[in-house]
Amino acid sequence: MADFTHFDKDGNAVMVDVGHKDKTERQAVASGKITMTVECYNAIVDGDVKKGDVLGTARLAGIMAVKQTANLIPLCHIIPVEQASVDFELNPESRTITALCTVKTTDKTGVEMEAMVGATMALLTIYDMCKAVDKGMTIGEVCLLKKTGGKSGTYVRASHE
């Protein structure tokens, strides 16, 4: 059976005790995709969305969300974020935008959740800014691509090596 560390012996939710752990350099990269109509995709690329700079605003929203992760995810530790970035890959053939969020820290626990929250919030911001053009956008494929540091070492998602 899996070892779920967020429960005590009686099955109650608890925050994991990381007090005994050493601080190490840690990094996580997460991604997610948003799919849209050709009209919406072109409006973003051409800078024709009435609400303004979609990707610039989404980048800022993702970075801001990274810093709020402990307020959004129950039992998530407050982590001093040393670096956070959000980048985008545009694919005109599939009409998708992939958000890639990278987060770094030197601490006792990792930043996987911060990276996934950052990528997701960037995508939600794209949706919010473009919903007047395309209410049928789809957000998905949010996943951890890579993490380094900590006791468990390096993880690289098999399809992204």
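Biologist: How do you know that the side chains of Lys33 and Glu141 meet in a salt bridge?

Modeller: The N to O distance between them is 3.8 Å. A salt bridge here is a side-chain nitrogen of Lys or Arg within 4 Å of a carboxyl oxygen of Asp or Glu, so the pair makes the cut. Keep in mind that this is a predicted model: local features need pLDDT of at least 70 and side-chain atom pairs count only at pLDDT 80 or more, while totals for chains, interfaces and linings use all residues. Residues are numbered from 1 along each chain as its sequence is written, and side-chain values use heavy atoms, with hydrogens and water left out.

Biologist: What makes this pair a link between distant parts of the chain?

Modeller: Lys33 is in strand 1 and Glu141 is in strand 4, 108 residues apart. Strands are DSSP runs of E with at least two residues, helices are runs of H or I with at least four, and both are numbered from the N terminus.

Biologist: Why is Glu141 called exposed, and what is Lys33 called?

Modeller: Buried means under 20% relative accessible area, exposed means over 50%, and partly exposed is in between (1.4 Å probe, protein chains only). Glu141 has 57%, so it counts as exposed. Lys33 has 31%, so it is partly exposed.

Biologist: What else is there to say about the phi of Glu141?

Modeller: The phi of Glu141 is positive, about 55°, although the residue is not a glycine. Most residues other than glycine have a negative phi. Arg95 also has a positive phi, near 55°, and that residue sits in the loop between strand 2 and strand 3.

Biologist: How many salt bridges does a search of the whole structure find?

Modeller: Two. Asp128 and Lys131 meet through their side chains in a salt bridge, at 2.5 Å from N to O. Asp128, at 35% relative accessible area, is partly exposed, and Lys131, at 33%, is partly exposed as well.

Biologist: Now the inside. What makes the largest nonpolar core a core, and how many residues has it?

Modeller: A nonpolar core is a set of buried Ala, Val, Leu, Ile, Met, Phe, Trp, Tyr and Cys residues joined through side-chain atoms within 4.5 Å. The largest one has 31 residues, and Ile126 and Phe88 are among those with the most contacts inside it. Two or more residues come from each of strand 1, helix 1, helix 2, strand 2, strand 3 and helix 4. Helix 4 gives the most, with seven residues.

Biologist: What does Ile126 touch once its neighbours within four places are set aside?

Modeller: The contacts of Ile126 (heavy atoms within 4.5 Å) include Ile34, Met36, Ile44, Val54, Phe88 and Met137. Ile126 is one of the buried residues of helix 4, along with Val117, Ala122 and Met129, among others.

Biologist: How do you know that the length of helix 4 agrees with its residue count?

Modeller: The expected span is 1.5 Å times one less than the number of residues. For the 19 residues of helix 4 that gives 27 Å, and the end C-alpha atoms are 28 Å apart, which agrees.

Biologist: Val111 is in the loop between strand 3 and helix 4. Is Val111 buried or exposed?

Modeller: Val111 has 1% relative accessibility, so it counts as buried. Leaving out residues up to four places away in sequence, Val111 touches Arg26, Gln27, Ala28, Ile79, Val103 and Thr105.

Biologist: And why is Ser85, in strand 2, called buried?

Modeller: Ser85 has a relative accessible area of 18%, so it falls in the buried class. Its contacts, again without neighbours within four places, are Ile63, Leu100, Cys101 and Thr102.

Biologist: Back outside: what makes Leu124, Ile139 and Val142 a nonpolar patch?

Modeller: Patches are made of residues with over 30% relative accessible area and no salt bridge; nonpolar side chains (Val, Leu, Ile, Met, Phe, Trp, Tyr) are joined within 5 Å, and like charges within 9 Å. Ile139 is in strand 4, and at 32% relative accessibility it counts as partly exposed. Together the three residues make a patch of about 210 Å², with areas from the Shrake-Rupley method (1.4 Å probe; for residues, only the protein chains shown count as cover).
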